Structures are given as C-alpha cells and as structure tokens.
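Okay, hi everyone, I'll keep this short. Let me put the structure up, and then we can walk through it together.

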Amino acid sequence: MQAATQATLDFLKLYWAPLLCGVVIVAVLPLIVGYIVLVERKLMADMQARLGPMRVGPHGLLQPIADAVKLLIKEDIIPDDADKLVFWLAPVFSVGAALLAIAGLAFGPAFQIAQDLNIGILFVVGISALGIFGIVLGGWASNSHYSLMGALRSSAQLVSYETAAGMALVCGLLFAGTLNIKSIVAAQGTQGVWFGFLAPVAFFTYLVASIAETNRAPFDLPEAESELVAGYMTEFSGFRWSLYFLAEYTNMIVVASVATTLFLGGWLRPFANVRWLNFLDYLPPLLMMGIAGYCVLRMPKQPTRVQQMFMLAVAGLCLVVAMVLAAPVLLPFVKPSLKEAVAPFYAGIHGGFWFIFKVSAYLYFFMWLRFTIPRYRFDQLMRLGWHFLIPLSIINVLVVGVALIVGSYFNLQGWALLLATTPAAIVALVAALAILSIDQKKQARQAGTAATDFYAG
Amino acid sequence: MPNQYLPVLIYAALVIAFPAVTLIAAKLIRPTSTNVGAKLKPYECGIPPEGDARRRYSVRFYIIAMMFVIFDVETMFLIPWAILYKGWVAAHMGLFALTSMLVFLGILLVGYLWLYKKGALEWA
C-alpha cells in the first residue's frame, strides 16, 4: 500500500504540470469554443449591420451557456437505417482526435501537455488529420444522401489540401531545423525574425490550406447549407451534433496554433530582441485595463440589475488579468532584486498572452474571410488545390532551399536573410501564376467541347 | 528521463472520458424521444427518402485518394530532409542536399505532369 502511494507521489511529482494542463484544457476548451462561436456571431452581425445575440446576458454574453444547456436537454435522434455503433462512435472519434492534437501544442513556454515531444509539430498534424475518420464514418453511418455526399466531399477536400499544408510546413521547418515546438519558437527568437516573413508564400499556402482543412467558408463545401443541408452532420442532433461542432472549432484552434508556432513566432513578443521596443510589454496589461474600463462605462446602460452586476464582474475579471499581466513587468521597478525571480513568470504569463493574441488574430482572419468571400464550387476548390497550391508549395520548397544556400554563401543572418528569401518568394509566385495561366488557357479551349457534369460531386 | 508519451496517454484517457461523460449526462437529462411517423427516416427535405444512401459514387474520389497517398508520402520524405538541410548548408554541402532532393522531386514532378495530361486532376 505504502509503495503504491509512494509511486503515485513520484508520478505526480514528475507529471503534475502536464496533468494540470490536460485537465484545464478538457474542462475549459468547450467553454472557450462556445465563446468563439459567440464572438463569431457578433462579428458577423457587426459586418452585416445587425446586433447579433443580445437577449441572454448583457450583449449576449451568456448565450454560449444557454446553448450548451439547450443542446444537453435536446431529444436524441438516431435514424432507423443508421449503423448504430458507428453513429455513436463517429463524433467521439472526431472530437477525440481534435482534442488530442492539442497535447503536442505549447501555449507558452510552460503550458504544454507533452513536454519536449521531439516530433512536436508532426504529432499535432498527424493526430489532427485523424479527425477525418470521424467525419467519413459519421456521414456513412447516417445512411442519408446528404450526409454521405458531405463526408465524401470533406475527405476529398482534406486530402487535397493536406499535401499543400504539409509542403508549407516543410518550408517553415527548413528555417527551423527541428520539429520540437519549443525549439522552433526558440529558433525564431535567436534568429530575430519570424518565419512568416522569411517564407511568406509558405505562410499564405498554409493559411489557405488550413481554411480548407477545417471546412471553413469559403471552402465549406462539405456543409454547404444551400446544397447539402448540413453535410455529414445532417442526421446528428443534440449533444452528438455539438461534439462535431466542438471538434470543428478545436481544429480551428489547432491549425491557428500550428501557424502561430511555425510562422508567427509562437509566444514571442513582436520584435522580442529589440531593446527599445521593450515598452510593448506594457501593452497587454493596458489592453486588459481598457476592456475593463469599457465594461464599467457600459454598465449603467444595462437594462436590469443582474446584467449590470454581470458587466461589473466581467470588468473585475479583466482587471485581475491586467494585474497578473502587469505584475512581472512592474515588480522589478519596485524591488530590483526580484528581477531574477520574476523572469519565469514573465515568460509564462506574457508568452501565454501573446500566443493567445496571435491565435485570436488568425481566427479573426478566418471569420473575416467567411463573411466576405462567397463559397467556391467544388471543382473550383479542387482546381485551386491541385493546379495552384500544390505546384506553388513544391516550387516554394525548392526556391527556399536555394535561398538558404545563397544566404549562407553571403552570410546573411536574421532580417538580412530577407534579401535572399524575398526574391525566392517572388520567383515561386510568378512560376505558380504562370502554371495557373497556362491551365486557364487550356480550360478555355476545352470549355466549348466538354459537357458539364452536374452530378459530379 | 521521464517518458514523453505518458502524459499524452493520460490526456488521451481524459479526452475519451469527456465525450463519454457528456453523452451519458445528456442521456440522463434529456426527455425520452417518441417515434412519430417518419421521424426516424433520414432527412430529405421533407419527402420520404429515395432508396438507400449507400450506393456507388463518383470514381474521382478514389483517384484523389490515390494521388493523396503519393503526394503525402512525398511530404513525409521531405520532412527529415528539411530538418537536416540547415546543417548541410552550414557544412557547405547545401548544393548536394538540394540536388539530391531535386532528383526525388523531379521523378514525382514527371508523375504530376502525367496525371495532369491524363486529366486526373480535373474534377468536372
């Protein structure tokens, strides 16, 4: 008995941090996803000159919780002809893969479940790609035409863009020289420049491919409402449906985090090595203070007392976050001897802030695209993938390789490496555009002869 | 050295537990459903569904899947090359590393061109 307790204690001593991270993620992520949905609806409303959710809580702030409760108590329907077991397992598989992929990600120097996983980014990409099984199985199991079509489309789309995304990652890895997530971010710190600047074409390719992989508009063909009702989710209802939803948004967070880690400097502050820009450290607490102040300002305008209290609570929360962010920056001024002791807290807290900030910016871009660009047709989507993005990414890998040789020949470091990589990016873009124009000419020649197949997919 | 994958395994158990627990909780909370009319039939815009959904579908999906295998394996081979490339460049062997990858990519490029000519990359 004692030996068992001792073993447990030893185990906890070794793994308390990853375990805590895991519990926090599983507990908090559904809530975060709910609020991402709320932000998306609010943004959509703003861009369409509406108000969006306003009823539940002040400015609809409690809407996600109401939605979750609604989904929990909804009637559960499994179609007669469905394959019951697969129907049960498919959403679980989807959400499991999406959540498990987070294990490899680092939301800051300390906040990581699988500490120092040496295949880091490969693990994340590999596990998150497994989510497609959940979609295909769910679509097949529901035995509905819409579901099957959506699942097939989804798999074809994911498979097509996986290659382009993989090539873009290879491009980033050329600069990093490692797969370990912490080392990738550290490499961007020591080189002083984010890989997004060094490999802009790869970043662009990854951006487009990640939108397609998460089935987001303008590439949301698998769940195109006007064509396929809801795609692979058509027959799913209640909490099963919300598991799919959770998986989709978690996947968005995962691709945004991968892009942030590899191309946007992870948890590094912008220009982390530039001494005179150190005032940027005051930005996060000031931002949170600003939000808190705004909430207090809006408080008297709320119609009922409960809503006023809630607004005040939100302001208080923002103030606490601001204080936590300000403490590691301001404490060394008060007591210079604390500088060393505070350093890891500074790295952890501010690193986390910048990482979340960058991921949010990436997600905001996703949403912005969704409300701006109309949906693609399926053959257009496939053409974009196979005729443009894949050749572009392959050419890009090669020219970046050449640029690295040139850079090493002239001994270019940090920002100076841009002198070699920018022409490379231009060469890659011109080459891919040339391929595209040849392709389009060929298309125009064929257009007169071939009959359109409206039932193609 | 602590095992790197042990936390992942424990986290995987947590991840599986999450949907299991919520699904069971939902089962306890929600009202029992009643089967009325065609409620349990697949949705097809309000009319009775036309036959079984598991029919044959377009061969293009199979072609895409096959091409994916080729190109994804290519990416897999590129990743170790990309990791080691900086070291090779630093050792002034960059051109050797690049040309060896060029040969590999060249073979695949011929395949890509052939697929392109055959029209395998066309959807409609």
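So, how many residues does the contact take from chain A, and how many from chain B? Bear in mind that this is a predicted model. The contact takes 73 residues from chain A and 55 residues from chain B.

Where does the chain A side come from? Five elements each give two or more residues to the side that touches chain B: helix 1 (2-47), helix 3 (84-101), helix 6 (145-176), helix 11 (238-263) and helix 15 (378-409) of chain A. Of the elements there, helix 15 of chain A has the largest share, with 15 residues. As for chemistry, that side of chain A splits into 44 nonpolar residues, 18 polar ones and eleven charged ones.

Now, how far should we trust the pairing? The predictor gives the complex an ipTM of 0.86, alongside a pTM of 0.87. For chain B, the mean pLDDT is 81, and 98% of its residues reach 70 or more. Within chain B, confidence is lowest in helix 1 (residues 6-29) of chain B, with a mean of 84, and highest in helix 2 (residues 60-90) of chain B, at 86. And the usual reminder: where pLDDT is low, the predicted coordinates should not be read in detail.

Okay, over to chain A by itself. What is it built from, helices or strands? Chain A has 16 helices and zero strands. Its radius of gyration is 24 Å, close to the 23 Å from the globule rule for 457 residues, so chain A is as compact as a globular protein of that length. If you're thinking about box dimensions, the C-alpha trace of chain A spans about 80 × 65 × 60 Å along its principal axes. Of the 457 residues in chain A, 47% count as buried. And take the contacts in chain A between residues at least 6 apart in sequence: 77% of these join residues at least 24 apart.

Last bit, the domains. The assignment for chain A gives domain 1 (74-268) and domain 2 (275-364). How far apart do the C-alpha centres of these two domains of chain A lie? They lie 30 Å apart. The contact between them takes 15 residues from domain 1 of chain A and ten residues from domain 2 of chain A. On the domain 1 side, the residues touching domain 2 of chain A are eleven nonpolar and four polar, with no charged ones.

That's me done, thanks for listening.

Key
Residues are numbered from 1 along each chain as its sequence is written. Chains are lettered from A and ligands numbered from 1 in the order in which they are written. This is a predicted model: local features need pLDDT of at least 70, side-chain atom pairs count only at pLDDT 80 or more; totals for chains, interfaces and linings use all residues. Two residues are in contact if their C-beta atoms, placed from the backbone, lie within 7 Å. Helices (H or I, at least four residues) and strands (E, at least two) are DSSP runs, numbered from the N terminus. Ala, Val, Leu, Ile, Met, Phe, Trp, Tyr, Cys and Pro count as nonpolar, Asp, Glu, Lys and Arg as charged, and the others, Gly among them, as polar. Domain bounds come from an automatic or database domain assignment. The radius of gyration is taken over C-alpha atoms; the globule rule is 2.2 Å times the number of residues to the power 0.38. A residue is buried if 20 or more other C-beta atoms lie within 10 Å of its own, exposed if 12 or fewer, and partly exposed in between; C-beta atoms are placed from the backbone. pLDDT is the predictor's confidence in each residue, from 0 to 100.
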